[in-house]
Amino acid sequence: MSDGLEDVVAAETVLSEVDGQAGRLIIRGRSLDELAGRTRFEEVARLLFDGFFDDLPADFGPALGAARLAVFAEVAALDTGLLDRTPIEAMRALTARLADGDDLEVAFRLLAAPAVFTAAVVRAQAGEAPVRPDPALSHAADILRMTRGRPATRAEAEALDAYLVTVSDHGLNASTFAARVIASTRAGLTSAVLGGISALKGPLHGGAPGPVIDMLDAIGEPANARAWLEAALARGDRLMGFGHRVYRVRDPRADALKRAVGRLSDGSNVRPGRLAFAEAVESAALAILREKKPNRPLDTNVEFYTALLLEALGLPPSTFTCVFAMGRVAGWIAHAREQLAGGRLIRPQSRYVGPLPQVAA
Ligand code: ACO
């Protein structure tokens with residue numbers, strides 16, 4: 001048995017390759033550096049879907065814009081009961097209202113759903129009316145407009161695009177595996193995506209970036225970093241934004257996102273000194289992890305600079321995991337279709353270690 005299925009190969013995929021020793025990510029034959037900051041999310045979603053659906057449009061922009069408008073109709077179902085939930089729980093509940101199925105129309109609606117529903121939920125929680133999608137905008141620009149209620153600058157839209165592309169697919173991570181297991185039962189894409197959202201929400205997976213901001217806020221200034229981080233480790237806490245199941249070196253996505261934060265720093269988005277402060281906390285954390293966990297190479301993962309980037313874009317930390325889902329949903333759908341195309345029902349074995357029935361003598 002492999003604890004946590006570590007090193008178990010559970011699927012063959014043409015979608016992405018995570019090289020944990022070299023710190024390299026390939027998405028459909030392109031390196032992450034070739035894609036992030038250079039390619040729009042719509043194009044990467046097309047790249048991921050290619051070969052898994054018939055008659056894909058050459059440009060995903062209009063179809064995705066139309067899907068944003070179509071799913072916006074469900075926002076009317078956002079009742080006050082859902083507003084007491086966390087944004088990801090409310091977004092998941094609205095996504096669950098979408099019809100299940102395996103066709104391209106269902107896929108486009110699911111691609112649009114986390115963006116449209118999260119924006120409506122956070123605005124409603126702040127007492128503001130939802131903003132109707134603008135199908136003429138890029139997905140990234142419309143996400144920022146729908147969430148914040150004002151148009152995004154070009155630099156902001158490009159930064160969010162770089163983020164969505166960076167997290168669009170990443171091998172057989174926990175949420176993608178969950179989506180593939182569900183797809184393998186032929187339950188449909190909506191069911192698979194709901195499973196992906198549910199797995200993503202945990203703090204050991206996509207729930208980490210909100211707590212990264214809490215950590216930075218609690219540390220407050222670089223001089224406090226070492227003492228705060230040591231105390232956290234002494235309590236047995238994990239340092240959010242560090243460590244990975246597959247990477248034994250720095251997660252390449254961390255640098256792609258750090259570059260995107262750096263590009264935004266030229267404008268007014270990033271608080272003065274914020275990036276330098278985060279870098280100081282990062283260096284302190286890496287030094288302490290090396291000291292306290294000498295047997296496990298622990299480095300920065302995607303979530304650390306995700307937190308900085310999404311904060312700089314004026315998105316509330318309570319939505320960070322939802323924004324992750326806005327990008328990863330492309331991977332979940334592609335993996336679900338790949339599973340459906342060639343894979344058998346995923347049904348592993350467990351080893352029984354409980355008591356045996358008492359047999360009468
Ligand atoms: N802080 C402190 N210690 C850590 C951390 C961390 N962030 N990550 C791993 N460790 C330690 C564990 O305590 C353990 O130490 P021990 O052997 O002394 O008990 C050792 O490293 C191995 O830990 P595992 O739990 O076996 O490692 P696993 O591969 O299961 O964990 C995970 C990977 C869950 C990402 C882990 O590194 C973690 O909890 N990180 C913090 C949360 C986080 O940032 N999650 C986002 C990951 S990226 C993503 O999913 C998109």
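Which residues of α5 are buried? They are Pro87, Ile88, Ala90, Met91, Arg92, Leu94 and Thr95. A residue is buried if 20 or more other C-beta atoms lie within 10 Å of its own, exposed if 12 or fewer, and partly exposed in between, with C-beta atoms placed from the backbone. The model is predicted: local features need pLDDT of at least 70, side-chain atom pairs count only at pLDDT 80 or more, and totals for chains, interfaces and linings use all residues. Residues are numbered from 1 along each chain as its sequence is written.

Helix α5 covers residues 87–95. Helices (H or I, at least four residues) and strands (E, at least two) are DSSP runs, numbered from the N terminus. Seven of the nine residues of α5 are buried, so the helix is largely enclosed by the rest of the structure. The buried residues pack against α4 (80–83), α6 (104–125), α10 (189–200) and α16 (320–342). Contact here requires C-beta atoms, placed from the backbone, within 7 Å.

Helix α6 also features in the nonpolar interior. A nonpolar core is a set of buried Ala, Val, Leu, Ile, Met, Phe, Trp, Tyr and Cys residues joined through C-beta atoms within 7 Å. The largest such core has 110 residues. Leu111, Val116, Val193, Leu309 and Ile333 have the most contacts inside it. Helix α6 gives the most to this core, with 14 residues. Contacts listed for single residues leave out those up to four places away in sequence. On that basis, Val116 touches Arg68, Val71, Phe72, Val75, Pro133 and Met146. Ala115 is found in α6. Ala115 counts as buried, with 30 C-beta neighbours inside 10 Å. Its contacts beyond four places in sequence are Arg68, His139, Ile143 and Met326. The C-alpha atoms of Ala115 and Ser16 are separated by 23 Å, with these positions 99 residues apart along the chain.

Ser16 belongs to strand β1, where side chains alternate. Ser16 and Val18 point to one face and are buried. Glu17 and Asp19 point to the other face and are not buried. An open sheet of three strands has the order β1-β2-β3, with antiparallel pairing. Two strands pair if DSSP finds at least two bridges between them. The edge strands are β1 (16–19) and β3 (30–31), and each pairs on one side only. Strand β2 (residues 24–27) pairs with β1 over four bridges. Within β2, Leu25 is the bridge partner of Val18, and Arg24 is that of Asp19. The two strands form a hairpin with four residues between them. Gly23 in the turn has a positive phi of about 70°. Gly29 lies in the loop between β2 and β3. Gly29 is exposed, with 10 other C-beta atoms within 10 Å. The C-alpha atoms of Gly29 and Leu47 are separated by 9.8 Å, at 18 residues apart along the chain.

The ligand is surrounded by 19 residues. A residue is near a molecule if its C-beta atom, placed from the backbone, lies within 6 Å of it. The closest are Leu204, Ala208, Arg238, Gly243 and Arg245. By class, the shell has seven nonpolar, seven polar and five charged residues. Ala, Val, Leu, Ile, Met, Phe, Trp, Tyr, Cys and Pro count as nonpolar, Asp, Glu, Lys and Arg as charged, and the others, Gly among them, as polar.

An unreviewed UniProt entry lists His244 and Glu303 under "active site". They span 60 residues in sequence, yet no two of their C-alpha atoms are more than 10.5 Å apart, so they gather at one spot. UniProt positions follow the numbering used here, feature names are shortened, and annotations may be inferred rather than shown by experiment. His244 is found in the loop between α12 (225–234) and α13 (252–264). His244 counts as buried, with 22 C-beta neighbours inside 10 Å. Beyond four places in sequence, His244 touches Asp251 and Asn301. Glu303 is placed in helix α15 (residues 302–312). Glu303 is buried, with 29 other C-beta atoms within 10 Å. Its contacts beyond four places in sequence are Ala208, Pro209, Val212, Met240 and Gly241.

Note on methods
Contact = placed C-beta atoms within 7 Å.
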